[in-house]
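Student: I have a model open and some labels to check. Can we go through the reasoning behind them?
Tutor: Yes. Take the labels one at a time.

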Amino acid sequence: MKLEGKTAIVTGGGRDIGRAVAVKLASEGASVAINYFSSSAGADATVEAIVAAGGRAFAMQGDLNETADVEALVSKTHETFGSIDVLVNNAGGLIARKTIAEMPLDHWEAVMRLNLTSTFLMTKACLEKMTSGAIVNLASQAGRDGGGPGAVAYATAKGAVMTMTRGLAKELGPDIRVNALCPGMIDTDFHNIHTPDAGRRGFEANAPLKRQGHVDDAANLVLFLACGDSGFITGANYDLNGGMLFS
């Protein structure tokens, strides 16, 4: 029980990586607050699974670009569980593939808000309650290599999350550690929506590990970065891509 007595907030916890992370942290003893924007059924199912296994959790809808929603989530978490020890900034997304030439300003700004501003607002709000613990951000392989076609805005936002991770590690140490994941091809709705099947099969053929990643691969790494096993690690951006990119 590596997180026994701890409280974690997982944003975007209603599906895919966020859901797997919430379940994993709860299985190691954490009380978990799950934020969701539109995946209410998935968030409720995640809470049910955690409670059925003997854990504590609640789900709360919120737009993480709205300060009031962010503060409400943080306040309810602290009031319900008594502390905030782990923040997992998982919420994010590509929205749509658009080249710079065809990209309207509102799309650029929406991608930045979804991936970067939400991380800023959640981190700032949690710091009012966190005195120690760990922050784990979800960046992306796109932040390393610029992303696929039409992903410049997304890649830029995730690259900024990586840089923010390094800066926060310096600013918040020694009491709070800050690290990030840079997932590549993980089998999620993100790629179901935005990546052609031929591209996924090509990844499997070319990756040294010959498979796509699973959400549990990400959840296991988040757990490591959230608990004391990684107690001397901060400011790191971990590649999770089956060997397709070495940094």
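Student: This is a predicted model. What is the bridge partner of valine 88 in β5?
Tutor: Valine 136 is that partner in β5. On the β1 side, valine 88 of β4 is the bridge partner of valine 10.

Student: What makes β4 and β5 count as paired strands?
Tutor: Pairing needs at least two bridges. β4 (residues 86-89) and β5 (residues 133-138) have four bridges, so they pair, in the parallel sense.

Student: How do you know that β1 and β4 pair?
Tutor: The cut-off is at least two bridges. β1 (residues 7-10) and β4 have three, so they pair, and the sense is parallel.

Student: Which way do the residues of β4 point?
Tutor: Val86 and Val88 point one way, Leu87 and Asn89 the other. All are buried. Buried means under 20% relative accessible area, so each of these residues falls under that value.

Student: Which helix joins β4 and β5 in a β-α-β unit?
Tutor: Helix α4 (residues 105-126) does, and the unit is right-handed.

Student: Why is α3 called oblique to α4?
Tutor: Helix α3 (residues 67-81) and α4 pack at an angle of about 45°. Roughly parallel requires under 35 degrees, and roughly perpendicular runs from 65 to 115. About 45° fits neither, so α3 is oblique to α4. Their axes are 10 Å apart.

Student: Which residues make the contact?
Tutor: From α3, Thr67, Val70, Leu73 and Val74. From α4, Leu121, Met122, Ala125 and Cys126.

Student: What is the hand of the crossing of α3 and α4?
Tutor: Right-handed.

Note on methods
Residues numbered from 1 in each chain as written. Predicted model: local features only at pLDDT ≥ 70, side-chain atom pairs only at ≥ 80, totals over all residues. Heavy atoms only, no water. Buried < 20%, exposed > 50% of the residue type's maximum accessible area, 1.4 Å probe, protein only. Helix = DSSP H or I, 4+ residues; strand = E, 2+ residues; numbered from the N terminus. Right-handed = clockwise from strand over helix to strand, strands pointing away. Axes fitted to C-alpha atoms, helices over the stretch in contact; angles between N-to-C directions. Parallel < 35°, antiparallel > 145°, perpendicular 65-115°, else oblique. Left-handed = near helix turned anticlockwise from the far one by under 90°. Contact = heavy atoms within 4.5 Å.
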